[in-house]
Amino acid sequence: MNSEIQSIIRNLENTLDADPWFGRPVYVILREVESTIAYKKPAPGSHSLVELLYHMLTWAEFTLKRIEKDDIDDLDAFEKLDWREIDPQIHDWDEGLAAFIATNQQIIALLHTKDDAFLNETVDYRSYDFRYLLNGIIQHNIYHTGQVAYLKKLLS
């Protein structure tokens with residue numbers, strides 16, 4: 001039986017690039033960001049649009065690596081990528097967006113090879129299962145995309 005995994009795939013696809021209930025999809029909102037404002041912060045100590053994007057990318061990459069069952073040689077180093085220091089010479093908005101989209105496409109492709117039993121498996125390096133992780137990454141994308149949409153309006 002694959003009905004639950006298919007539902008998660010549909011939810012992920014809908015939020016990313018289709019017709020989500022909450023409004024415009026994640027990719028549409030991210031594509032609207034102009035690189036001229038991506039590095040601006042509305043206040044000291046707040047996050048920029050590019051920081052939000054790379055934070056979202058980090059957790060998409062984590063999700064992909066967990067589905068692939070790929071060992072992480074240095075989990076601390078991986079987790080330090082979360083809210084990493086952004087260098088405009090290295091962390092380009094368009095490249096980050098392309099990586100985010102590609103990573104999510106890989107996640108979806110791999111999920112199509114899984115069945116519902118996979119959702120009960122425990123995620124490596126964590127104490128929760130894949131059902132929790134996959135529903136969580138959907139919620140994470142929605143949450144931070146809302147921040148992106150608001151911050152984009154504020155900075156434009």
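Salt bridges, a charged patch and a buried threonine

A search of the whole structure finds nine salt bridges. The structure is a predicted model, and several of these pairs are followed below.

One pair links Lys-69 to Glu-121, with 3.0 Å between the closest N and O atoms. Lys-69 sits in the loop between H3 and H4, while Glu-121 belongs to the loop between H5 and helix H6 (130–155), so this salt bridge ties together parts that are 52 residues apart in sequence. Lys-69 counts as partly exposed because its relative accessibility is 35%. Glu-121 also falls in the partly exposed class, at 33%.

Lys-65 has a salt bridge to Asp-70, and here the closest N and O atoms are 3.2 Å apart. With a relative accessibility of 29%, Lys-65 counts as partly exposed. Asp-70 is partly exposed as well, its relative accessible area being 31%.

A further pair is Arg-131 with Asp-129, whose closest N and O atoms lie 3.6 Å apart. These two residues do not stand alone: together with Glu-4 they are linked in a network of salt bridges. Arg-131 has a relative accessible area of 22% and is therefore partly exposed. For Asp-129 the relative accessible area is 22%, which makes this residue partly exposed too.

Acidic residues also appear outside the salt bridges. Asp-71, Asp-73, Asp-74 and Asp-76 form a negative surface patch. Residues enter such a patch if they have over 30% relative accessible area and no salt bridge, with like charges joined within 9 Å. Within the patch, Asp-74 is located in the loop between helix H3 (49–68) and helix H4 (75–80). Asp-74 counts as partly exposed because its relative accessibility is 42%.

Thr-103 offers a view of a buried position. This residue is part of helix H5, which covers residues 93–111. Is Thr-103 buried or exposed? Its relative accessibility is 6%, and since buried means under 20%, Thr-103 counts as buried. What is Thr-103 in contact with, apart from its neighbours within four places in sequence? The residues are Leu-57, Ala-60, Glu-61 and Leu-64. For Leu-64, which is 39 residues from Thr-103 along the chain, the C-alpha atoms of the two residues are separated by 7.0 Å.

Key:
Residues are numbered from 1 along each chain as its sequence is written. This is a predicted model: local features need pLDDT of at least 70, side-chain atom pairs count only at pLDDT 80 or more; totals for chains, interfaces and linings use all residues. Side-chain values use heavy atoms; hydrogens and water are left out. Patches are made of residues with over 30% relative accessible area and no salt bridge: like charges are joined within 9 Å, nonpolar side chains (Val, Leu, Ile, Met, Phe, Trp, Tyr) within 5 Å. Accessible areas come from the Shrake-Rupley method with a 1.4 Å probe; for residues, only the protein chains shown count as cover. A salt bridge is a side-chain nitrogen of Lys or Arg within 4 Å of a carboxyl oxygen of Asp or Glu. Lys and Arg count as positive and Asp and Glu as negative; His and the chain ends are not counted. The place of a charge is taken as NZ of Lys, CZ of Arg, CG of Asp or CD of Glu. Helices (H or I, at least four residues) and strands (E, at least two) are DSSP runs, numbered from the N terminus. Buried means under 20% relative accessible area, exposed over 50%, partly exposed in between (1.4 Å probe, protein chains only). Contact means heavy atoms within 4.5 Å.
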